[in-house]
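Got the viewer open? Here's a short walk through one model, with a selection to make at each stop.

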Amino acid sequence: MSEERFGEFVLVRRHGHVAELVMDRPKAMNAVSTQMARSLSAACTALAGDRDARVVVLTSSHERAFCVGADLKERNSFSDADLLRQRPVTRGAYTGVLELPMPTIAAVHGFALGGGFELALSCDLIVADGTAVVGLPEVSVGVIPGGGGTQLLPRRIGAARAAELIFSARRVEAAEAAELGLVDRVVAEGRDREEALALAATIAGNSPVGLRAAKRALRLGHGLDLRAGLEVEDAAWRSVAFSGDRAEGVAAFNEKRKPEWPGE
């Protein structure tokens, strides 16, 4: 297993074809400061261009929190001009995770609030342990979810449920979060990282070309009418139909062996 650090607060661990993107600011429960946002963005840029990374798992080094959202202590010292200058930096961190071209899984335990939950929502799947507490409490401090929450949450659970959670600013514990669809899988306490990495390893056994094309079709087709969505799917199919991965997949199936994906 290799490690690469991006600034002081973010590192990437390699587990074969699975890349673990670790938020590592434990003294602040991974509150997203300007510096941490820059590091997340830089790490995502590097991962997006890495053809060897088939799945990314977003994790936390803090025992009791995934991420508590924006660094409000830093924000307290800001002038209006400072806040305006910070906006594209923080937005870049959330967008960086959201636009990763390969499947992404968030491994959540403890607090995932505000921007922390938005980072999880930016992933394709969320695995949470029994200690997870999620929510978008931004209106309780005079702002709104600004890391994608007002758009990602209704796409996940529907407009009315998203409105109730955003307007009330309430926190949701693991069992209810699973019931509402805020997270996809609840696992035993302390097992979120291991279970997410295991799921990622299973996914990474599949064609990297196929995985990226499937994600593209899922993302681009969401919200379109059926006919337009099927055109998105057809374009994604055409992008893989003549790939080396498709040829290897068909050959491996017929030869009853494990595929050796060329990734192209």
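Start by selecting helix 9, residues 208-221: with 8 residues, helix 9 gives the largest share of the lining of the second largest pocket. Keep in mind as you click around that this is a predicted model.

Now bring up the rest of that pocket. Its lining has 22 residues, and Leu98, Asp124, Lys215, Leu218 and Arg219 are the ones nearest the centre. Helix 5 (149-157) also supplies at least two lining residues. The space comes to about 740 Å³. Colour the lining by residue type and you'll get 12 nonpolar, 9 charged and just 1 polar.

Next stop, the largest pocket, with a volume of about 930 Å³. Select Gly69, Ala70, Asp71, Leu72 and Arg75 to land at the residues closest to its centre, out of 35 that line it. Then show helix 2 (72-76), helix 3 (80-98) and helix 4 (115-121), each of which puts at least two residues into the lining. Helix 3 has the largest share, 7 residues. By type, this lining splits into 16 nonpolar, 10 charged and 9 polar.

Last, select strand 6, residues 104-108. Are its residues buried or exposed? Buried, 5 of 5. Turn on side chains: Thr104, Ala106 and Val108 point one way, while Ile105 and Ala107 point the other. Add strand 4 (55-60), which pairs with strand 6 in parallel over 3 bridges, and find Val57 opposite Ile105. Then add strand 8 (125-129), also parallel to strand 6 and joined to it by 4 bridges; there, Ala128 is the bridge partner of Val108.

Conventions
Residues are numbered from 1 along each chain as its sequence is written. This is a predicted model: local features need pLDDT of at least 70, side-chain atom pairs count only at pLDDT 80 or more; totals for chains, interfaces and linings use all residues. Side-chain values use heavy atoms; hydrogens and water are left out. Buried means under 20% relative accessible area, exposed over 50%, partly exposed in between (1.4 Å probe, protein chains only). Two strands pair if DSSP finds at least two bridges between them. On a 1 Å grid over the protein atoms alone, a cavity is a set of points where a 1.4 Å probe fits but cannot get out, and a pocket is an open set with protein on both sides within 12 Å along at least five of seven lines; lining residues have an atom within 4 Å of a point. Grid points are joined across faces, edges and corners, and a volume is the space filled by probe spheres set on the points. Ala, Val, Leu, Ile, Met, Phe, Trp, Tyr, Cys and Pro count as nonpolar, Asp, Glu, Lys and Arg as charged, and the others, Gly among them, as polar.
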